[in-house]
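Here are my notes for you on this protein. Please keep the viewer open and follow along point by point.

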Amino acid sequence: MENSGMTHDTVPALVVAGVKSGCGKTSVALGLMRALARRGHIVAPFKAGPDFIDPGHHALAAGRTSHNLDAWMCGASGVADIYKRQTAGVDAVVVEGVMGLFDGFSATEETGSTAELAKLLDLPVLLVIDAASMARSVAALAQGFIRFDPRLRFCGVALNNAGSPSHAALLAEAFRAALPDIPLWGVLPRCSAIAAPSRHLGLVTAEDSPDLLPRLDALADWLEASLDLSFFHGIEPHPRQPDPTPHPGGPGGMIPPGGSRAAPVRVRAEPGIAVGVACDKAFSFYYGENLRLLEAAGARIVPFSPLDDTGLPEGVGGLYFGGGYPELQAEKLAANVAMRRAVREFCAAGRPVYAECGGFMYLMESLVDLGGKSHALCGVFPMTAVMGGRFAALGYREVTTRAASCLGPAGTVLRGHEFHYSRLAAVPDGLPAIYAMTGRGGFVAGPEGFVAGRTLGSYVHLHFGSNPAAAAAFVAACAEGT
């Protein structure tokens, strides 16, 4: 293993942040992860905020599960705990930021921002600036970001989207003249060929990108040709954490074996309560910490595919349906009549089931796609999801349960995030909805947290790190009667 610049007791670590969404920070973060992994380093990847899609790309780039770090959802101590656990035994740490460096839950303070996270973890920032159609102005922009919060540390700047070698030279000259004390890692040329394809909700998922590994290698080549990575090895390092339980993909996560994320891996050696987790191209949005907390509470994660399997795994005490893109797989999901029947019968039998966003949609009677075609689904909830051309809801959510559920007693409080393009055609009268929900603007109107027997479904992706007791309550509910 090449370990130039890395010692046995210390680990270089940074946050890759951007001046805005779409400036190239994801490309830089992925290219850096891939470049370091190709050199033989064990890289711990992280994503700031609630995003599910970027971590899937991180996992393939680094060969190790990526974990979300979100102080609003998990609190400062929760974030620090996740970070410490997942950096045990690694050689390098790369955290990809969210939106612009200072963007977060509020317009007037830093909660939920990349800047808050960098200070919480005492990590330096590599600032990525989209310098297209700019010259000396790039220096003014960089100065504004670097001086905005004196408590932030910057290890350098990467300028992106240079239109030509002469443009790159002009940008570098302007930056170095104005900010001689801030390392310029380099100027990246415009290269549309390496851009990752996108769709609604963000990048195309790793599961749906068979050519992703070559793209990641191309990103690493692009990065290494233009950035001086010796700056990374020169970062003031963090103490190395001991690695008491080495796992290739980290506990409770997804391992990327040769091309895509795989099903959740079982890390408990002793038998546990079997919990079926839907995991395929339709359902892949899971916080790694959610799965780890289920395992810590005694669960044995058993993956299954609503797309390809004809029945549920034997002996499972409960089911967990995460989010994803069921709308892109609607025909195949509908055609798997045997699985839909098995899920409906499992729910009708009173077994605990938790479903969020795409998983919640799968448990409805039907889904209407953008073309107006209706696809029959499980029919656990008597409602229909209708796809739209723009997002129907977006933002952080805090929920308080108004009745007991598979996640715990009435009054259970959890935090999460909501982002979806579908809406409910109608909510039937009399269908219990147990979430009292607030967002950035206060109380969120409309029913949420629907209950059918012991099945709980919602559009909100909850993070169990905000209340680990909910994970324990779900596992306990799954243990009843097994």
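1. Let us begin with one term: two strands pair if DSSP finds at least two bridges between them. With that in hand, look at T400, which stands opposite A436 in β24. Please also keep in mind that this is a predicted model.

2. Here is the overall picture. The protein has 482 residues, and 57% of them count as buried. Its secondary structure comprises 13 helices and 28 strands. Among contacts with a separation of 6 or more, 74% are between residues 24 or more positions apart.

3. Now stay with strand β24, which covers residues 435–439. Which of its residues are on the covered face, and which on the uncovered one? Y435, M437 and G439 make up the covered face, while A436 and T438 make up the uncovered one. This is a good place to recall a general rule: in a regular strand, side chains alternate between the two faces of the sheet.

4. What are the partners of β24? One is strand β21 (residues 393–401), which pairs with β24 in the antiparallel sense over four bridges. Within this pairing, V399 stands opposite M437, and T400 is across from A436. Another partner is strand β25 (residues 442–443), antiparallel to β24 and joined to it by two bridges. Here G439 has G442 as its bridge partner. The connection from β24 to β25 is a hairpin through two residues.

5. Zoom out to the sheet that holds these strands. It is an open sheet of five strands, in the order β25-β24-β21-β22-β28, and the pairing is antiparallel. Why is one side of β25 and of β28 (461–463) left without a neighbour in the sheet? Both stand at the edges with a single partner strand each, so one side of each has no neighbour there. Helix α3 (residues 71–86) packs on this sheet, where it touches β21, β22 (413–420) and β28. The direction of α3 makes about 105 degrees with that of β22.

6. A second sheet is worth finding in the viewer. This open sheet has six strands in the order β14-β12-β15-β17-β27-β26, with mixed pairing. At its edges stand β14 (299–304) and β26 (450–452); each has a single partner strand, so one side of each is without a neighbour in the sheet. From one strand to the next, the twist averages 20 degrees.

7. Look more closely at β14 and its partner. Strand β12 (residues 273–278) runs parallel to β14, and six bridges join them. One example to click on is V277, whose bridge partner in β14 is P303. Helix α9 (residues 288–296) lies across β12, β14 and β15 (318–321), running at about 130 degrees to β14. Helix α11 (residues 337–348) also packs on the sheet, touching β14, β15, β17 (353–356) and β27 (455–458). The direction of α11 makes about 120 degrees with that of β15.

8. Next, the nonpolar cores. The largest has 87 residues, and L14 and L159 are the members that touch the most others. At least three of its residues come from each of domain 1 (10–239) and domain 2 (273–480). Another core, of 67 residues, lies apart from it and includes A299, V316, F321 and M383. Beyond its neighbours within four places in sequence, L14 is in contact with L32, V93, V94, V95, L123, P124, L126, C155, W185, F232 and I235.

9. Is A13 buried or exposed? Because its relative accessible area is 2%, A13 counts as buried. This residue lies in strand β2 (residues 13–18). Setting aside residues up to four places away in sequence, A13 touches Y83, V93, L123, P124 and I235. As for D91, A13 is 78 residues from it in sequence, with 9.0 Å between their C-alpha atoms.

10. Finally, visit T384, which is in strand β20 (residues 381–387). Its relative accessibility is 19%, so T384 counts as buried, the cut-off being under 20%. A polar contact of 2.8 Å joins its side chain to that of S366. Outside its neighbours within four places in sequence, T384 is in contact with M364, S366, V368, R423, L424 and A425.

Definitions and conventions. Residues numbered from 1 in each chain as written. Predicted model: local features only at pLDDT ≥ 70, side-chain atom pairs only at ≥ 80, totals over all residues. Heavy atoms only, no water. Core = buried A, V, L, I, M, F, W, Y, C linked by side-chain atoms within 4.5 Å. Buried < 20%, exposed > 50% of the residue type's maximum accessible area, 1.4 Å probe, protein only. Domains from an automatic or database assignment. Contact = heavy atoms within 4.5 Å. Polar contact = N/O pair within 3.5 Å; in protein donor to acceptor, adjacent residues only side chain to side chain. Axes fitted to C-alpha atoms, helices over the stretch in contact; angles between N-to-C directions.
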